[in-house]
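This report walks through one protein chain and its ligand for a reader who has not seen them before. Please look at the sequence and the model below, then read on.

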Amino acid sequence: MRAVRLHRYGAAEELRLEDTPSPRAGPDDVRVAVRAAAVNPVDFKIRSGAQRAVLRLSLPWTLGMDVSGEVLEVGARVSGFKPGDQIVASPSHRRMGCYADEVVIRADEIALKPACLTHIEAASLPLVALTAWDALKALRVTRSQRILIQAGAGGVGSVAIQLARHLGAEVLTTCSASNVELVRSLGADRAIDYRSEDWRDVARDCDAVLDSLGGDALPDAISTVRRGGRVACITPGVPDFTKRYGSVLGLLVFGGWLGGTMLRARLTRGVSLSVVTRRTNGQTLGEVMRLVESGALRPVIDRVFPLAEAAAAHRYLETGHARGKVVLQP
Ligand SMILES: NC(=O)c1ccc[n+]([C@@H]2O[C@H](COP(=O)([O-])OP(=O)(O)OC[C@H]3O[C@@H](n4cnc5c(N)ncnc54)[C@H](OP(=O)(O)O)[C@@H]3O)[C@@H](O)[C@H]2O)c1
């Protein structure tokens, strides 16, 4: 089969399309023919080596944590899936492997793909939807709450807006002027053009903030949310620390900074800060797919690249201005 493999950390050109043996399925695994695989910012962060301190890979490595495809083979202990099933999944960071013709995934990380979605649409959802789901859960978003979702036109933001609306919250979101219409169509009550307006003023005293920007946006989110409110951060910025201080010291300084930030938020403003990382989970993914079937959630696809052009897909996503999701097609 073909796979896009990384032999050395670095620029997008380090991604090479190669022939490799098909992966072997263990007893709890499912082997899947990849029909589409989404690209996520974490992929280019790993590719560049920025995540080395927290994620050790044995190169060469096949990236890719989002897939939609067809089951080819199931392991001896797998029940619930059979060859021919159309599925979606976000495999764990220990495996990844979706930039390929075939991938092996744990059966408990898989959900059936709804017939109403194409493979390209389905592949765009798992990682961002699981992340948005967990973040909104950490924020305890309920009806009538006012929530700020940063970067509403991006992968996570475009799903988080829809999920928060589904929960009945009032949604404010940041985006550039060209994406105002898009975020409104997803259900945002208020689009804040971050180039001409200050979100800190518009969103002052909201109940919750989903921060996907990191950096200065995190302390600003803590001071913007109302006293006793909640902030969920999905981009705490480990690479900034490891780049500056090296792997070991960087992680220690990061831990100290994060602990201090959480404590200060709690003591000075009663704000609860959580750092959310995507957890792979077939059951939650199944619930996400049911929301798609009910019409509460729709994918937003920006561009589709052939698998062989994975490097171009990375370069595009790295601009930081994709509109929804970027997807690879074998
Ligand atoms: N913790 C986790 O498990 C987890 C999971 C998924 C993602 N993440 C992280 O979360 C971040 C976002 O992920 P993503 O997939 O949503 O990224 P993405 O799709 O690449 O986000 C692109 C979007 O960001 C918007 N944007 C850029 N600068 C902005 C700014 N200053 N203010 C508001 N919006 C801005 C752009 O909108 P405009 O073009 O309108 O500017 C664009 O639509 C990444 O750092 C990613 O690594 C973490």
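In this predicted model, 14 residues of domain 1 touch 16 residues of domain 2. On the domain 1 side of that contact, six residues are nonpolar, four are polar and four are charged. The domain assignment gives domain 1 as 2-125 + 299-329 and domain 2 as 128-275. Their C-alpha centres are 26 Å apart.

**The core**

The largest nonpolar core holds 100 residues, and V88, Y99, A132, A135, I147, A160 and A164 have the most contacts inside it. Helix 3 (residues 126-138) gives this core its largest share, nine residues. At least three residues of the core come from each of domain 1 and domain 2. As for A160, its contacts are A132, A135, L136, I149 and L210, leaving aside residues up to four places away in sequence.

**The ligand**

The ligand is surrounded by 30 residues, and A151, A153, G154, G155 and S176 are the closest. Two or more residues of this shell come from each of helix 1 (41-48), helix 3, helix 4 (155-166) and strand 10 (170-175). The shell consists of 14 nonpolar, 14 polar and two charged residues. Each of domain 1 and domain 2 supplies at least three residues to the shell.

**Two helices with a buried face**

In helix 7 (residues 217-224), the buried residues are A217, L218, A221, I222 and T224. Viewed down the helix axis, they fall within an arc of 165 degrees, so they line one face of helix 7. In an α-helix there are 3.6 residues a turn, so residues three or four places apart point the same way. The cover over the buried residues of helix 7 includes helix 6 (199-202), strand 12 (208-211), strand 13 (230-233), helix 9 (247-269) and strand 14 (272-275).

Helix 8 (residues 238-245) has V238, P239, F241 and T242 buried. These residues cover an arc of only 160 degrees around the axis, which puts them on the same side of helix 8. Helix 1 and helix 9 are among the elements that cover them. Just after helix 8 comes G246, with a positive phi of about 90 degrees.

**Backbone angles in the loops**

Most residues other than glycine have a negative phi, and most peptide bonds are trans. The table lists three places in the chain that depart from this pattern.

| Place | Angle | Value |
|---|---|---|
| L59 to P60 | omega (cis peptide bond) | near 0 degrees |
| M96 | phi | near 50 degrees |
| A151 | phi | near 55 degrees |

P60 is in the loop between helix 1 and strand 4 (61-62). M96 is in the loop between strand 6 (86-89) and strand 7 (102-106). A151 is in the loop between strand 9 (146-149) and helix 4.

Is M96 buried or exposed? M96 has 25 C-beta neighbours inside 10 Å, and a residue with 20 or more is buried, so M96 counts as buried. A151 also has 25 C-beta neighbours inside 10 Å and therefore counts as buried. A151 was met above as one of the closest residues to the ligand.

Terms used:
Residues are numbered from 1 along each chain as its sequence is written. This is a predicted model: local features need pLDDT of at least 70, side-chain atom pairs count only at pLDDT 80 or more; totals for chains, interfaces and linings use all residues. A nonpolar core is a set of buried Ala, Val, Leu, Ile, Met, Phe, Trp, Tyr and Cys residues joined through C-beta atoms within 7 Å. A residue is buried if 20 or more other C-beta atoms lie within 10 Å of its own, exposed if 12 or fewer, and partly exposed in between; C-beta atoms are placed from the backbone. Helices (H or I, at least four residues) and strands (E, at least two) are DSSP runs, numbered from the N terminus. Domain bounds come from an automatic or database domain assignment. Two residues are in contact if their C-beta atoms, placed from the backbone, lie within 7 Å. A residue is near a molecule or strand if its C-beta atom, placed from the backbone, lies within 6 Å of it. Ala, Val, Leu, Ile, Met, Phe, Trp, Tyr, Cys and Pro count as nonpolar, Asp, Glu, Lys and Arg as charged, and the others, Gly among them, as polar. The arc is that of the directions from the helix axis to the C-beta atoms.
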